[in-house]
Amino acid sequence: MNDSIRQYLERHGFGHFSPKAVLFDMDGVLYDSMPHHAIAWQESMKRFGIDMTEADAYATEGARGIDTIRQIATRQGKEVSLEEAQRMYDEKSRIFHEMPDAPIFDGVFDMMEKIKCAGMTVNVVTGSGQRPLIRRLLNDFGRYLDENHITTAYDVKRGKPYPDPYLMGLQKAGNLKPFEGIVVENAPLGVRSGVSAGIFTVAINSGPLPDKALLDEGADVLYDKMTQFRNEWDNFI
């Protein structure tokens, strides 16, 4: 048995590991889209008098957009209602969708093919709720993914870093138990969400954050690229 799996089972007290579903985050895992998101966040928040840095965008990635806005605003001594936060997030989304489509990371299609061949399901758990992004997911990965296996910001009341999104992802994957899933994340808040849901969590550090930022949140294993995870896949099944 893989050492990381053995440690995972010991930590959570599970008797066995029998994955039936892989739950991917979207931005920074499937798509190299975080640089675009960082720019859109900075430009949109500036229009509302809120200072948001590139580091803020990466540190809060994975959370629901309205939660990110209210958190950053509160930190700067400003109160933002849910309605206003949604309006601000709509502006951020507008700017993002004016940019070129972000490329799919190398290894993603290979990874999904391996998952399908193993008799497991492909799932996406994202803090986004933007319909154009969901449509792109279905267009790009329709061979492996359907809408019933996508969890968005609108499926939960509490987004990442709470466990709710990944617990909902397990439910959509077929009412699975935590030891029947594998989470693939690139963001600290997303890793914390997967770990707190009790799911084996793979971190792929596709951005500028130090590895420590992901390992400190409890990632069971860490890679630099999706292709590394693909090459190690047989160790997990």
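This passage describes the sheet, the salt bridges and the largest pocket of a predicted model.

The sheet comes first. Six strands build an open sheet, and their order is β3-β2-β1-β4-β5-β6. The pairing is parallel. The edges are formed by β3 and β6 (221-223), each of which pairs on one side only. Within this order, β4 stands beside β5. Strand β4 covers residues 181-185, and it pairs with β5 in the parallel sense over 4 bridges. Two residue pairs illustrate the contact. Valine 183 stands opposite threonine 201 of β5. Glutamate 185 has alanine 203 of β5 as its bridge partner.

Strand β5 spans residues 200-204 and is mostly covered, with 5 of its 5 residues buried. In a regular strand, side chains alternate between the two faces of the sheet. One side of β5 carries Phe200, Val202 and Ile204. The other side carries Thr201 and Ala203. Both faces are covered, and all of these residues are buried. Threonine 201, the residue opposite valine 183, is thus among the buried residues of β5. Alanine 203, the partner of glutamate 185, is also buried.

Salt bridges were examined next. Side chains of opposite charge can pair when their charged atoms come close. A search of the whole structure finds 19 salt bridges. One of them joins glutamate 147 to arginine 131, with the closest N and O atoms 2.7 Å apart. Glutamate 147 lies in the loop between α7 and β3 (150-151), whereas arginine 131 lies in helix α7, so the pair ties together parts 16 residues apart in sequence. Glutamate 147 counts as partly exposed because its relative accessibility is 37%. Arginine 131 is also partly exposed, at 40% relative accessible area.

A second salt bridge joins lysine 172 to aspartate 155. Here the closest N and O atoms are 3.1 Å apart. This pair links distant parts of the chain, 17 residues apart. Lysine 172 sits in helix α8 (residues 164-172), and aspartate 155 sits in the loop between β3 and α8. Lysine 172 is partly exposed, with a relative accessibility of 26%. Aspartate 155 is partly exposed too, with a relative accessible area of 29%.

A further salt bridge connects lysine 212 and aspartate 216, whose closest N and O atoms are 2.6 Å apart. Both of these residues are exposed. Elsewhere, salt bridges that share partners join Arg47, Glu91, Arg94 and Glu98 into one network.

The largest pocket was considered last. It holds about 160 Å³ of space. Its lining consists of 13 residues. Phe96, Asp101, Ala102, Leu133 and Arg136 lie nearest the centre of the pocket. Two elements, α5 (82-97) and α7 (131-141), each give two or more residues to the lining. The largest share, 3 residues, comes from α7. Helix α7 also contains arginine 131, the salt-bridge partner of glutamate 147.

By character, the lining divides into 7 nonpolar, 3 polar and 3 charged residues. Two domains contribute to the lining. Domain 1 (3-32 + 103-235) and domain 2 (34-98) each supply at least three residues.

Methods. Residues numbered from 1 in each chain as written. Predicted model: local features only at pLDDT ≥ 70, side-chain atom pairs only at ≥ 80, totals over all residues. Heavy atoms only, no water. 1 Å grid on protein atoms, 1.4 Å probe; cavity = no way out; pocket = protein on both sides within 12 Å on 5 of 7 lines; lining within 4 Å. Points joined across faces, edges and corners; volume = space filled by probe spheres on them. Nonpolar A, V, L, I, M, F, W, Y, C, P; charged D, E, K, R; others polar. Domains from an automatic or database assignment. Salt bridge = Lys/Arg side-chain N within 4 Å of Asp/Glu carboxyl O. Buried < 20%, exposed > 50% of the residue type's maximum accessible area, 1.4 Å probe, protein only. Pairing = 2+ DSSP bridges.
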